[in-house]
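Student: I'm new to this one. Could you take a close look at a single part, the long helix where things seem to meet, and talk me through it?

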Amino acid sequence: MKLGCPAEVKAQEYRVGLTPNAAREAVASGHTVLIQQGAGLGAGFEDADYVAAGARIVGSAPEVFAEADMIVKVKEPQPAERAMLREGQILFTYLHLAPDPEQTEDLLASGATCIAYETVTDDRGGLPLLAPMSEVAGRLAPQMGAWTLQKANGGRGVLLGGVPGVGPARVVVIGGGTVGTHAARVAAGMGAEVSVLDRSLPRLRYLDDVFGGTFRNRYSTEGALTELLAEADMVIGAVLIPGAAAPKVVSRAMLGGMKHGAVLVDVAIDQGGCFETSRATTHDDPIYEVDGIQHYCVANMPGAVPRTSTIALGNATLPFVIALANKGWRAACAEDRHLLAGLNVHAGQLTNAAVGEALGREAITPEAALEGSDQAGLSRAV
Ligand SMILES: NC(=O)C1=CN([C@@H]2O[C@H](COP(=O)(O)OP(=O)(O)OC[C@H]3O[C@@H](n4cnc5c(N)ncnc54)[C@H](O)[C@@H]3O)[C@@H](O)[C@H]2O)C=CC1
Ligand SMILES: CC(=O)C(=O)O
Ligand SMILES: [Mg+2]
């Protein structure tokens, strides 16, 4: 198979879909790897590193898209990239379709087979291709929130850890999954007083067992949240219902009960955001204010640390990239129901129920797409 890796074009996105080590393994498995010139530079990988791994450097994105059977990326394809996808081509990347009807429309129109990193599952109920970026975004969240809390950035001018004689900042983390746990650990490590809320009792038990002495946890109800918001200097939004639009856990009215200059960091913004007042921002212009509360809502936070993020993401995606390249998408997905769970769009049909529900569109099951793909191809060909 020909694997193509274009340079990312989203604002301030310096990650890359394939590392030289991933390229080397794909080449060793008998595949051709096409890397757009300079695609790895932002993450510290030179074209020469890819050439040494056996990959071929290609001058432009249109050449990569035209030649490759499978496109491996990081971020959801931007409009110019969507226009280059074609029927039968595989796209393997983050998609986050639930809050993005335009992208969904374009992917359906392309006829491509689109597998989303964020809905691939594992045996333990986890999301193995989201987890590494959730670890990065979780660890970054208190760092970005601490910066936003500085007076010059519109925050209330509170130092996270306090100093001797002055108490620490209070941090509330909503959602105690991967993002939330890593955020809570780092915020506590910076000296803040941290509370984590979740709606899963098994998760709260786990957090209590492992981190009981480091941060507190509470069952997430509006009442508990309202109490904690009143005292909070920083609130980190980290909830997820896989594939679905994020539930709005903090309404605009609830901002009125918070301290002026407190900070919201909405990590869940890539699924539409879990605060009513959130809108996606970029690394170029990351913060804005609503009702005296500062909002940081960057949808690709790991892009801020592209070296760490690219390697972490590549470690997780590599086995799936190789399986897709070796077997083709249909056999690879037929043999691995967890990879099949990543199928969001195939041959003009939506194949993820949560995305369909969020967008009010009909979705078939990924299993039906697997069985019906020949037929779908045939009916378009006549
Ligand atoms: N902005 C960015 O750059 C990035 C964003 N993310 C996003 O961060 C979000 C969280 O991801 P993960 O931590 O990996 O998910 P996860 O599935 O590990 O954790 C989510 C947690 O939220 C809890 N939850 C669900 N509904 C809730 C509610 N109403 N109240 C309280 N808790 C609730 C779940 O029980 C679960 O423990 C996702 O939307 C993910 O896409 C992840 C990486 C980067
Ligand atoms: C998860 C995601 O969207 C990101 O890493 O940018
Ligand atoms: Mg994102």
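**Helix α11 and its neighbours**

Tutor: Let's start with the layout: the domain assignment (automatic or from a database) splits the protein chain into domain 1 (2-111 + 305-381) and domain 2 (131-303). This is a predicted model, where local features need pLDDT of at least 70, side-chain atom pairs count only at pLDDT 80 or more, and totals for chains, interfaces and linings use all residues. Residues are numbered from 1 along each chain as its sequence is written, and chains are lettered from A and ligands numbered from 1 in the order in which they are written.

Taken over C-alpha atoms, the centres of the two domains are 31 Å apart. Where they touch, 23 residues of domain 1 are in contact with 19 of domain 2 (contact: C-beta atoms, placed from the backbone, within 7 Å). On the domain 1 side, α11 gives the largest share, seven residues (helices are DSSP runs of H or I, at least four residues, numbered from the N terminus).

Now for the partner of α11 (residues 306-335): its axis and that of α1 (residues 20-28) come within 10 Å and cross at roughly 20° (axes are lines fitted to C-alpha atoms over the stretch in contact, with angles from 0 to 180 degrees between N-to-C directions). So α1 is roughly parallel to α11, a label for angles under 35 degrees. From α1, Asn-21, Ala-22, Glu-25 and Ala-26 meet Gly-314, Leu-318, Val-321, Ile-322 and Ala-325 of α11.

Conventions:
Helices (H or I, at least four residues) and strands (E, at least two) are DSSP runs, numbered from the N terminus. Angles under 35 degrees count as roughly parallel, over 145 as roughly antiparallel, 65 to 115 as roughly perpendicular and the rest as oblique. Two residues are in contact if their C-beta atoms, placed from the backbone, lie within 7 Å.
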